[in-house]
Amino acid sequence: MLGNVGGGGWVKEGGGEGRSSGAGGGSVANYLWNNYLGGQSNTRPLGDAILDGIDFDIEGGTTQHWDELARALSQFSQQRKVYLTAAPQCSFPDTFLNGALSTSLFDYVWVQFYNNPPCQYSGGSADNLKSYWNQWNAIQAGKFFLSLPAAQGAAGSGFIPSDVLVSQVLPLINGSPKYGGVMLWSKFFDNGYSSAIKANV
């Protein structure tokens, strides 16, 4: 299970959200480690539960210091593995996450191929999706996942019918050495979509 950082600021000590600053990611990493990961704190919101890592889902706010946070969090892997994941938009490079992803420290990257017409499946064509998928796979990271809406109503655009995904899209990308699978947004909207594609993912 992963914790999530995103939006216009950092998680700050004492809870809530604080703005990022030139101080970098060290103190934020310490807070996340001690309160959600493998560290120790008297104020752990989830009690004894230990999360496996942190997901970077940055869609607004600052473009700075996310690389510092990634580096600081990765240092804790010397004590207990901290998985780093990210959910960039499919336009390449991602405005907010490019710096963090350039660290080559991320284990899994869930690229959002929806709500982004220039790089998503559109008009019966997967050409743009394939082109951007190849660009994403050129960066250093563990595995890449095709992130899609699980239903028409789950996103503004980018939904791919399950039969089209299986017959037209997956054959274009699942041969990539870094292909990890498909990530769906979200469980709430998944009324059989995952079951329909599971055998082919």
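**Asking why, residue by residue**

Student: What makes asparagine 115 count as partly exposed?

Tutor: Asparagine 115 has a relative accessible area of 40%. Buried needs under 20% and exposed needs over 50%, so a value in between earns the middle label. Keep in mind that this is a predicted model. Asparagine 115 sits in the loop between S6 and H4.

Student: And what is notable about phi of asparagine 115?

Tutor: Phi is near 60° there, a positive value in a residue other than glycine. Serine 104 has a positive value too, with phi near 65°. Serine 104 belongs to the loop between H3 and S6, and at 40% relative accessibility it is partly exposed.

Student: How do you know that cysteine 90 and cysteine 119 form a disulfide?

Tutor: Check the sulfurs: S to S is 1.9 Å. The cut-off is within 2.5 Å, so the pair qualifies. By that rule the count comes to 1 disulfide.

Student: Why is the disulfide of cysteine 90 and cysteine 119 called right-handed?

Tutor: Because the torsion about its S-S bond is about 75°. Cysteine 90 lies in the loop between strand S5 (83–86) and helix H3 (98–101), while cysteine 119 lies in the loop between strand S6 (108–112) and H4, so the disulfide ties together parts 29 residues apart in sequence. Both cysteine 90 and cysteine 119 are buried.

Student: What kind of peptide bond joins phenylalanine 92 to proline 93?

Tutor: A cis one, with omega near -5°. Proline 93 is in the loop between S5 and H3. The bond from tryptophan 185 to serine 186 is cis as well, with omega near -10°, and serine 186 is in the loop between S8 and H6.

Student: Why do aspartate 67 and arginine 71 count as a salt bridge?

Tutor: Their N to O distance is 3.3 Å. The limit is within 4 Å, so they pass. They are 4 residues apart in helix H2 (residues 66–75), which separates them by about one helical turn. Aspartate 67 is partly exposed at 21% relative accessibility, and arginine 71 is partly exposed at 42%.

Student: How do you know that aspartate 107 and lysine 81 form a salt bridge?

Tutor: The closest N and O atoms are 3.0 Å apart, and the rule asks for within 4 Å. This pair links distant parts of the chain, with aspartate 107 in the loop between H3 and S6 and lysine 81 in the loop between H2 and S5, 26 residues apart.

Student: Is aspartate 107 buried or partly exposed, and which label goes to lysine 81?

Tutor: Aspartate 107 counts as buried at 16% relative accessibility, which falls under the 20% limit. Lysine 81 is partly exposed at 39%.

Student: What makes H5 look like a regular helix in its span?

Tutor: H5 (residues 162–173) has 12 residues and reaches 15 Å from its first C-alpha to its last, close to the 16 Å expected at 1.5 Å a residue. Val164, Leu165, Val169, Leu170 and Ile173 of H5 are buried. They cover an arc of only 140° around the axis, which puts them on the same side of H5.

Student: What covers the buried residues of H5?

Tutor: The cover includes helix H4 (127–136), strand S7 (143–149), strand S8 (179–185) and helix H6 (193–197). Leucine 146 touches several residues, among them Leu165, Val169, Leu170 and Ile173. In the largest nonpolar core, which has 52 residues, Phe56 and Leu146 have the most contacts.

Definitions and conventions:
Residues are numbered from 1 along each chain as its sequence is written. This is a predicted model: local features need pLDDT of at least 70, side-chain atom pairs count only at pLDDT 80 or more; totals for chains, interfaces and linings use all residues. Side-chain values use heavy atoms; hydrogens and water are left out. A nonpolar core is a set of buried Ala, Val, Leu, Ile, Met, Phe, Trp, Tyr and Cys residues joined through side-chain atoms within 4.5 Å. Buried means under 20% relative accessible area, exposed over 50%, partly exposed in between (1.4 Å probe, protein chains only). Contact means heavy atoms within 4.5 Å. Helices (H or I, at least four residues) and strands (E, at least two) are DSSP runs, numbered from the N terminus. The expected span of a helix is 1.5 Å times one less than its number of residues. The arc is that of the directions from the helix axis to the C-beta atoms. A salt bridge is a side-chain nitrogen of Lys or Arg within 4 Å of a carboxyl oxygen of Asp or Glu. Lists of a residue's contacts leave out its neighbours within four places in sequence.
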